[in-house]
Amino acid sequence: MIFDESDEIHCAFLKGGEKIRILKPLIARPIINGEQVEIVVKKGFVSDGDSTKYAKFMFPKFNKALKAAILHDYMYGKALFTRKIADDIYLQANTELNVSFWRRYVKYFAVRLFGSGNYR
């Protein structure tokens with residue numbers, strides 16, 4: 001499992017409610033190339049949640065897959081892995097968080113097609 005089931009997100013909305021600040025570290029343990037790695041999203045990290053500009057009606061910014069969105073934003077912002085690996089982990093996290101098949105693949109293909117401008 002990528003996320004501990006008991007691990008809740010502790011965050012605060014920033015001005016305007018468009019972004020959140022993480023108040024407690026979020027720990028993820030995805031499988032990459034057959035090995036489990038640990039990623040710690042640090043306290044203070046700012047995320048915009050699911051930032052699907054053109055499909056806000058389908059994907060609210062802050063939804064049940066918020067952990068996946070925060071993790072993805074963190075991996076992109078820190079360039080921890082290649083874009084492809086970060087996007088694959090995002091898909092893996094959305095699957096684990098029980099996002100429906102069609103929603104997780106729409107989100108996955110959206111980041112694959114349009115996410116390069118946000119990758120550092």
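This section describes the fold, helix packing, backbone exceptions and internal cavity of a predicted model.

The secondary structure of the protein comprises three helices and seven strands. From the N terminus on, the order of these elements is β-β-β-β-β-β-β-α-α-α. Of the 120 residues of the protein, 39% count as buried. Among contacts with a separation of 6 or more, 57% are made by residues 24 or more positions apart.

Helix α1 is mostly covered, with eleven of its 13 residues buried. These residues are Leu66, Lys67, Ala68, Ala69, Ile70, Leu71, His72, Asp73, Tyr74, Met75 and Tyr76. The elements against which they pack include four strands, β2 (20-22), β3 (26-28), β6 (39-41) and β7 (46-47), together with the helices α2 and α3. The geometry of α1 is in agreement with expectation: at 1.5 Å a residue its 13 residues should span 18 Å, and its end C-alpha atoms are 18 Å apart. Met75, located in helix α1, has a relative accessibility of 1% and therefore counts as buried, the cut-off being under 20%. The C-alpha atom of Met75 is separated by 9.4 Å from that of Ile85, a residue ten positions away along the chain. Following α1, Ala79 has a positive phi, near 50°.

Helix α2 has 14 residues and reaches 20 Å from its first C-alpha to its last, close to the 20 Å expected at 1.5 Å a residue. Its buried residues are Arg83, Ala86, Asp87, Ile89, Tyr90, Leu91, Ala93 and Asn94. Their packing partners are β4 (31-32), α1 and α3. Just after α2, a positive phi of about 65° is found at Asn98.

Helix α3 (residues 101-114) likewise has an end-to-end C-alpha separation of 20 Å, which agrees with the 20 Å that its 14 residues should span at 1.5 Å a residue. Within α3, Arg104, Lys107, Tyr108 and Val111 are buried. These four cover an arc of only 100° around the axis, which puts them on the same side of α3. The spacing is consistent with general helix geometry: an α-helix has 3.6 residues a turn, so residues three or four places apart point the same way. On the other side of α3, Phe101, Leu113 and Phe114 are exposed. The cover over the buried residues of α3 includes α1 (66-78) and α2 (83-96).

Among the strand residues, Leu26 lies in β3 and is buried, with a relative accessible area of 4%. Leaving aside neighbours within four places in sequence, Leu26 is in contact with Phe3, Asp7, Ile39, Val40, Val41, Lys67 and Ile70. Two of these partners, Lys67 and Ile70, are also listed among the buried residues of α1. For Ile39, which is 13 residues from Leu26 along the chain, the C-alpha separation from Leu26 is 8.2 Å.

Positive phi values also occur in the loops. Asn33 is not a glycine, yet has a positive phi of about 50°. This residue is found in the loop between β4 and β5 (35-36). With a relative accessibility of 73%, Asn33 counts as exposed, because the threshold for that class is over 50%. Asn98, in the loop between α2 and α3, is a residue other than glycine with a positive phi, near 65°. At 58% relative accessibility, Asn98 also counts as exposed.

Internal empty space was examined by a search of the whole structure, which finds one cavity of 30 Å³ or more. The largest cavity has a volume of about 30 Å³. Its lining is formed by Glu8, Ile9, His10, Ile22, Lys24, Pro25 and Leu26. By residue class, this lining divides into four nonpolar, one polar and two charged residues. Leu26 thus appears both in the lining of the largest cavity and in strand β3.

Note on methods
Residues are numbered from 1 along each chain as its sequence is written. This is a predicted model: local features need pLDDT of at least 70, side-chain atom pairs count only at pLDDT 80 or more; totals for chains, interfaces and linings use all residues. Side-chain values use heavy atoms; hydrogens and water are left out. Helices (H or I, at least four residues) and strands (E, at least two) are DSSP runs, numbered from the N terminus. The expected span of a helix is 1.5 Å times one less than its number of residues. Buried means under 20% relative accessible area, exposed over 50%, partly exposed in between (1.4 Å probe, protein chains only). The arc is that of the directions from the helix axis to the C-beta atoms. Contact means heavy atoms within 4.5 Å. On a 1 Å grid over the protein atoms alone, a cavity is a set of points where a 1.4 Å probe fits but cannot get out, and a pocket is an open set with protein on both sides within 12 Å along at least five of seven lines; lining residues have an atom within 4 Å of a point. Grid points are joined across faces, edges and corners, and a volume is the space filled by probe spheres set on the points. Ala, Val, Leu, Ile, Met, Phe, Trp, Tyr, Cys and Pro count as nonpolar, Asp, Glu, Lys and Arg as charged, and the others, Gly among them, as polar.
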